[in-house]
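Me: Could you take one strand of this chain and look at it closely, and then work outwards from there to what surrounds it? I would like the terms explained with their cut-offs as you go.

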Amino acid sequence: MPKVTFITADGTSQTIDHSHGSLMEVAVDHDIQGIEGACGGVCSCATCHVKIPVEWRDRVGPPNEAETDTMSFMDDVDETSRLSCQIDLDESLDGLTVYVPGQPD
Ligand code: FES
């Protein structure tokens with residue numbers, strides 16, 4: 001199972017081994033600061049926003065149409081943005097690092 005690393009707005013890095021499901025589910029299960037997953041993963045809340053480093057963008061892929069629609073209501077969106085509930089983890093994403101935008105507490 002893939003290993004993923006979350007870097008939160010305060011610079012904290014947390015690596016999770018043996019992750020499965022969506023990236024949002026992994027983040028919520030491990031209390032990653034800044035990822036709430038309020039809609040449960042149906043792509044309607046945007047509380048699971050992450051930013052993908054350039055070296056991972058091809059493997060992770062672009063946002064789908066529903067993500068693009070949901071993110072159109074957000075301020076802090078750029079070409080690196082994805083909604084983590086729409087990223088299913090598999091071995092091809094082993095070692096993935098993502099950034100969680102937002103203000104540190
Ligand atoms: S969890 Fe709601 S949009 Fe991702």
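Reply: Along strand β5, residues 96-99, the side chains alternate, with L96 and V98 pointing to one face and buried, while T97 and Y99 point to the other face and are not buried. Here a residue is buried if 20 or more other C-beta atoms lie within 10 Å of its own, exposed if 12 or fewer do, and partly exposed in between, the C-beta atoms being placed from the backbone. Strands (E, at least two residues) and helices (H or I, at least four) are DSSP runs, numbered from the N terminus.

This is a predicted model, in which local features need pLDDT of at least 70 and side-chain atom pairs count only at pLDDT 80 or more, whereas totals for chains, interfaces and linings use all residues. Residues are numbered from 1 along each chain as its sequence is written.

The partner of β5 is strand β1 (residues 4-7), and the two pair in the parallel sense over four bridges; two strands pair if DSSP finds at least two bridges between them. Within this pairing T5 stands opposite T97 of β5. In β2 (residues 13-16), with which β1 pairs in the antiparallel sense, again over four bridges, the bridge partner of T5 is T15. β1 and β2 form a hairpin with five residues between them, and G11 in its turn has a positive phi of about 90°.

K3, in the segment before β1, has its C-alpha 6.8 Å from that of T15, although the two are 12 residues apart in sequence. With 15 other C-beta atoms within 10 Å, K3 is partly exposed. Leaving out residues up to four places away in sequence, K3 touches T15, I16, D17, S19, D94 and G95, where contact requires C-beta atoms, placed from the backbone, within 7 Å.

To return to V98, this residue is among those with the most contacts inside the largest nonpolar core, which has 21 residues, the others being L23, M24, A27 and I35. A nonpolar core is a set of buried Ala, Val, Leu, Ile, Met, Phe, Trp, Tyr and Cys residues joined through C-beta atoms within 7 Å. The elements that give two or more residues to this core are β1, α1 (23-29) and β5, and α1 gives the most, with five. Not counting neighbours within four places in sequence, I35 is in contact with M24, A27, V28, C48, S84 and V100. In soluble globular proteins, nonpolar side chains tend to be buried together.

A further buried position is C43, in the loop between α1 and β3 (49-51), which counts as buried with 21 C-beta neighbours inside 10 Å. C43 touches A66, E67, T70, L83, C85 and Q86, residues up to four places away in sequence being left out. Of these, Q86 is 43 residues from C43 along the chain, yet their C-alpha atoms are separated by 7.2 Å.

As for the whole chain, there are three helices and five strands, following the pattern β-β-α-β-α-α-β-β along the sequence. The radius of gyration, taken over C-alpha atoms, is 12 Å, close to the 13 Å that the globule rule (2.2 Å times the number of residues to the power 0.38) gives for 105 residues, so the chain is as compact as a globular protein of that length. Buried residues make up 30% of the 105 residues, and among contacts between residues at least 6 apart in sequence, 64% join residues at least 24 apart.

Methods. Contact = placed C-beta atoms within 7 Å.
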